[in-house]
Amino acid sequence: MKDVYLILKNLTRKPLRLFLTVFATFIAFMIFGTLTAFQQAFDAGVDLAADDRLVVVNKINFTQTLPIAYVNRVRAVEDVVAVTHLNWFGGYYQEPRAQFAMFAVDAENFLTVYDELVITDAERAAWIANRQGLIAGKSIAESFGWQAGERIPVNSNIFSQRDGRTDWDFDVVAIYEGADPQTDTNSVYFHYEYFNETQSFGGDFIGFMGVRTTDPERNEAVIAAIDDLFANSPAETETVPEKAFNKAFIEQIGNLSLILTSVVLAAFFVILVIVGNSMILSIRERTREIGVMKTLGFTSGRIFRMVLVESLLIALIGGMLGVAAAGLMVSLVNQAPIQLPVLVLGGSVWTQALLYVAVLGFITGIVPAMNALRLNIITALSRS
Amino acid sequence: MSDDILFDLRGISKKFVKGNDTITVFENLDMSIARGDFLAIMGPSGSGKTTLLNMLGGVDQPTSGEVVFDGKRVDTLSENQLAAWRANNVGFIFQFYNLMPMLNAERNVELPLLLTRLGRGQRKKNVAAALELVSLSDRAKHMPKELSGGQQQRVAIARALVSDPKLLLCDEPTGDLDRQTADEILEMLTLLNRDYGKTIIMVTHDPEAAKYAKRTVHLDKGEFVAKELAA
């Protein structure tokens, strides 16, 4: 029997209190783990954006269209490697609430610009050859149970066909995967020609362009060249690096990082108070026992360490269980039939959690440990 | 100092400051305790007997004077040195047993051995021997709350003995027990003193308990008022 045994016995002497304290810590770390996974998923849109990719939108705002004629003019700009264009389709499957990101794109160039979407060469060729073909991300395909080779109807909540219908028929040609685990696979892409020929709003407009440059260092020059090209025209452009575009897009929702950090901090603060109070009470109840241990010859430093380790253990058990539960939540969210970015609870979350465990354990344990350290034997033995 | 003297207190004073007042518990107290002695310290409440016991046990320090144990001063030791000295030399027996409620009897007895370098096997042997000595081998796995007051005090005695200290300090060891159980505990202390050569210093209010000691001193207002009353 060494100190660890004594620490464990002290820890488990009041199982209900232990359970509640660990449970409170568990909840805080589950919130931390889950929200951090969400935050990282949202940040992935920025982190995974290619440095050599630009987005060209209408200067008024990105919901305004641009003439399709711009595409070839941008293609001719020096240091531009490839250009594609995208139109938001406003697609939904079977029922309006089953809405998802669906774009009409220039299929021939699209996968050159967005090369993180992975399909085979044969699938790519088949897609280009099939005007009614679409490629769907793995996640969205799983959500709706789509298989390659299947024919599906998709409705638009914006556009209608010339005969008044709002549904289009598509062939699912391929299911693409992401080059990175956090690459978005919740989107669907189909032929612009099919869209342009069938929709009733009038044609030859595009939503925005994706542009690949020869080198990120040439981005500034390309941006200036593109925007100069359309200056003083009826549809002026604003060209920005993709990272900046994605960041601005996410920030429309609000400062997610601040919101998530605030929630996590609030959870940790509550835990700090609960666990800290519980530890102080627990050690106070043991005043006489600590006095006896000191009388027997246990040094104050040794008792200080035992109390601190006890507090660290509570934080460690609750914290690690909480992050493990967050992992489970993340896995459930990823499997759920909802369109959310792919959540990943990676090693960095575990590392951060371990750091917070140490800080939480230390802060909640230091006061009772100091009380135990300073406790005078005579005072302790006479208190009860 | 004679080799037969285990404890020698020279000119001990103990004062407490309370608010603006200074309370004197002892003033220039001298006392010698021989090896193998069984000394009872009696006196009314507030006479200073527990304070004296605390100083003998190294849990309290005199304001002035010298406490010499086995030829070495202990009043000058640091807190950590005193803790080590207590672990090596002193066994404590309290009125209310003071067992750890979350540990069973044998784990309670093992506590002082955690302060030694003994391996697990040797610790188990020593614990078994100590429990055997107090006739509680069959209660080794019982938790304190499952034991009677007398049994708990016997576990406390086993805990005090397990590291084989020279000195046993008993603070009202029978104060919470009925007469019959108290006599059993006192007989056990007598046996430890007589057969195992333990020096025992016992603070008690109980004249019947004091009769088991080889000698009794009476303390009143910090002074020995009568010495060597019992033989």
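**Exercise 1. The interface between the chains**

Work out how many residues each chain brings to the contact between chain A and chain B, and describe the side that chain A offers.

*Solution.* Start with the head count: chain A puts 17 residues into the contact, and chain B puts in 20 residues. Next, look at where the chain A residues sit. Three elements of chain A each supply two or more residues to the side touching chain B: α1 (3-11), α11 (287-296) and α14 (377-383). Of these, α11(A) gives the most, with six residues. Finally, sort the chain A side by chemistry: six residues are nonpolar, five are polar and six are charged. Keep in mind, here and below, that you are working with a predicted model.

**Exercise 2. Overall build of the two chains**

Decide for each chain whether its radius of gyration fits a compact globule or a more spread-out form.

*Solution.* Take chain A to begin with. Chain A holds 14 helices and 13 strands. Its radius of gyration is 29 Å, while the globule rule gives 21 Å for 384 residues; the value is well over the rule, so chain A is more spread out than a compact globule. The spans of its C-alpha trace along the principal axes can be set beside this: about 90 × 45 × 35 Å.

Now turn to chain B, with seven helices and ten strands. Here the radius of gyration is 18 Å and the rule gives 17 Å for 231 residues; the two are close, so chain B is as compact as a globular protein of that length. The C-alpha trace of chain B spans about 50 × 40 × 40 Å along its principal axes.

As a further step, note burial: 38% of the 384 residues in chain A are buried, and 47% of the 231 residues of chain B count as buried. For contacts between residues at least 6 apart in sequence, 82% in chain A join residues at least 24 apart; in chain B, 68% do.

**Exercise 3. The domains of chain A**

Find how far apart the centres of the two domains of chain A lie, and how many residues of each are in contact.

*Solution.* First, set the bounds: domain 1 of chain A covers 3-45 + 255-383, and domain 2 covers 65-234. Taken over C-alpha atoms, their centres are 48 Å apart. Then count the contact: seven residues of domain 1 meet nine residues of domain 2. On the domain 1 side, six of these residues are nonpolar, one is polar and none is charged.

**Exercise 4. A helix to check with a ruler**

Test whether the end-to-end distance of helix α10 of chain A agrees with its number of residues.

*Solution.* Helix α10 of chain A runs over residues 256-285, which is 30 residues. At 1.5 Å a residue, the helix should span 44 Å. Its end C-alpha atoms are 43 Å apart, so the two agree. For the second step, pick out the residues of α10(A) that are buried: A:Val264, A:Ala267, A:Ile271, A:Val275, A:Ser278, A:Met279, A:Ser282 and A:Ile283.

**Exercise 5. Inside the nonpolar cores**

Identify which residues touch the most other members of the largest nonpolar core, and which helix gives the most to this core.

*Solution.* The largest nonpolar core has 115 residues, and the members touching the most others are B:Ile41, B:Ala158, B:Leu169 and B:Ile201. Helix α12 (residues 300-335) of chain A gives the most to this core, with eleven residues. To see one of these members up close, follow B:Ile41: leaving out residues up to four places away in sequence, B:Ile41 touches B:Lys49, B:Leu52, B:Leu53, B:Ile201, B:Val203, B:Val217 and B:Leu219.

Another core, of 48 residues, lies apart from this one, and its members include A:Phe100. A:Phe100 sits in the loop between β4 (91-92) and β5 (101-105) of chain A. With 21 other C-beta atoms within 10 Å, A:Phe100 is buried, since the cut-off is 20 or more.

**Exercise 6. Two positive phi angles**

Establish whether A:Gln94 and B:Tyr97 are buried or exposed.

*Solution.* A:Gln94 is in the loop between β4 and β5 of chain A, and its phi is near 70 degrees, a positive value in a residue other than glycine. It has 12 C-beta neighbours inside 10 Å, so A:Gln94 counts as exposed.

B:Tyr97 is in the loop between β6 (90-93) and α3 (105-110) of chain B, and phi of B:Tyr97 is also near 70 degrees. With 23 C-beta neighbours inside 10 Å, B:Tyr97 counts as buried.

Note on methods:
Residues numbered from 1 in each chain as written. Chains lettered and ligands numbered in written order. Predicted model: local features only at pLDDT ≥ 70, side-chain atom pairs only at ≥ 80, totals over all residues. Domains from an automatic or database assignment. Nonpolar A, V, L, I, M, F, W, Y, C, P; charged D, E, K, R; others polar. Helix = DSSP H or I, 4+ residues; strand = E, 2+ residues; numbered from the N terminus. Expected span 1.5 Å × (residues − 1). Core = buried A, V, L, I, M, F, W, Y, C linked by C-beta atoms within 7 Å. Rg over C-alpha atoms; globule rule 2.2 N^0.38 Å.
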